[in-house]
Amino acid sequence: MSEHRPVGVFDSGVGGLSIVREMRRRMPGLDIVYVSDAHHLPYGEKSERFIRERAFVLADFLLGRGVRALVIACNTATAAAARELRERFALPIVGIEPAVKPAAEATRSGIVGILATASTLQSVRYEELLRRFGQFTRVLAQPASGLVECVEAGDLDGPHTRALLARYLWPLLEAGADTIVLGCTHYPFLLPAIRDFVGSDVRIIDPGDAVARRVEDVLGGDTGGSGTLCCFSSGDVVQQQASMSRLLGEAVVVLPLPEYPGMHRREASSG
């Protein structure tokens with residue numbers, strides 16, 4: 001029966017749907033349970049200890065839903081908690097991290113820009129990636145505060161979002177970066193606006209497909225199911241349902257994460 005059990009995916013908000021989108025594109029029959037921890041958004045401004053504690057809470061919930069594999073669809077949470085989750089739970093766990101190695105291999109100028117949250121760029125895991133794969137490349141780290149909130153609000157190409165992108169991308173381009181890594185799962189939803197700004201000559205690396213391939217590998221190609229997507233959130237379920245439906249281009253039903261039932265009743269009634 002294992003081939004009919006779902007895969008669990010979690011993120012600080014709706015950004016992890018960029019990973020879900022690639023997983024469904026690659027494995028359309030796969031059943032997925034997705035959790036948005038929007039009540040604690042953004043992770044990029046939280047302590048590593050707090051993020052790790054939330055990761056365990058969400059993993060426990062997803063295991064209670066019978067998942068056969070776990071995807072940490074968040075660079076910050078992967079850096080903070082992936083090792084500890086793998087030590088505790090006896091199931092495949094797939095994380096995501098800034099694609100320093102592919103970027104170093106792809107750059108022609110020898111200059112790479114990493115667009116990510118501050119927590120990701122300050123993590124030990126990111127430093128390890130630089131030591132392993134960034135030795136012969138100039139890697140420019142660009143914290144991008146505010147972009148997560150833009151995606152959560154559905155502002156993918158408005159004046160405020162474009163102003164933030166210009167602020168963060170222009171220094172990378174001015175320094176000669178010809179390859180830019182999207183180091184947060186929210187950022188692929190901004191790809192059209194990013195492409196408009198950087199032009200066609202700059203390579204943009206979105207690791208979503210690589211994560212989906214890794215999930216397929218750990219499942220042994222056993223991706224049967226009915227293709228259902230079941231979503232939960234610790235945030236405002238009315239807002240989250242609208243946001244997820246907009247981002248995926250289909251009607252999505254979002255249920256309250258059980259640890260916050262009272263809050264959700266209040267939010268739903270006021271929405």
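A polar contact is taken here as a pair of N or O atoms within 3.5 Å; within protein, one atom must be able to donate a hydrogen and the other to accept it, and residues adjacent in sequence count only if both atoms are side-chain atoms. The structure is a predicted model, in which local features need pLDDT of at least 70 and side-chain atom pairs count only at pLDDT 80 or more, while totals for chains, interfaces and linings use all residues. Residues are numbered from 1 along each chain as its sequence is written, and side-chain values use heavy atoms, with hydrogens and water left out.

Strands (E, at least two residues) and helices (H or I, at least four) are DSSP runs numbered from the N terminus, and two strands pair if DSSP finds at least two bridges between them. An open sheet of six strands follows the order β4-β3-β1-β2-β9-β10, and its pairing is parallel. Its edges are formed by β4 (93-94) and β10 (254-256), each of which pairs on one side only. Within this sheet, β2 (residues 32-36) is joined to β9 by five bridges in the parallel sense; V35 has F232 of β9 as its bridge partner.

Strand β9 (residues 229-233) also contains S233. This residue counts as buried because its relative accessibility is 0%, the class being set at under 20% relative accessible area, with exposed over 50% and partly exposed in between (1.4 Å probe, protein chains only). The side chain of S233 reaches the backbone nitrogen of G235 at 2.9 Å. A polar contact of 3.0 Å links the side chain of S233 to that of Q240.

A further open sheet comprises four strands in the order β6-β5-β7-β8, with parallel pairing. Strands β6 (138-143) and β8 (203-205) lie at the edges, each pairing on one side only. From one strand to the next, the twist averages 20°, where axes are lines fitted to C-alpha atoms and angles run from 0 to 180 degrees between N-to-C directions. Three bridges connect β7 (residues 179-182) with β8 in parallel, and I180 is matched with I204 in β8. In the loop between α9 (191-198) and β8 is D201, which counts as exposed because its relative accessibility is 63%. D201 and D178 are 23 residues apart in sequence, with a C-alpha to C-alpha separation of 7.2 Å.

Internal space was examined on a 1 Å grid over the protein atoms alone, a cavity being a set of points where a 1.4 Å probe fits but cannot get out, and lining residues having an atom within 4 Å of a point. Grid points are joined across faces, edges and corners, and a volume is the space filled by probe spheres set on the points. Two cavities of 30 Å³ or more were found by this rule. The largest encloses about 90 Å³; among its 16 lining residues, S12, C74, T76, T117 and C184 are the closest to its centre. The lining of the largest cavity comprises six nonpolar, nine polar and one charged residue.

The second largest cavity holds about 30 Å³, and its lining includes N75, I96, E97, R125 and Y126. Elements giving two or more residues to this lining are α3 (75-88) and α6 (124-133); α3 gives the most, with three residues. By class, the lining of the second largest cavity divides into four nonpolar, four polar and two charged residues, with Ala, Val, Leu, Ile, Met, Phe, Trp, Tyr, Cys and Pro counted as nonpolar, Asp, Glu, Lys and Arg as charged, and the others, Gly among them, as polar.

Technical notes: 1 Å grid on protein atoms, 1.4 Å probe; cavity = no way out; pocket = protein on both sides within 12 Å on 5 of 7 lines; lining within 4 Å.
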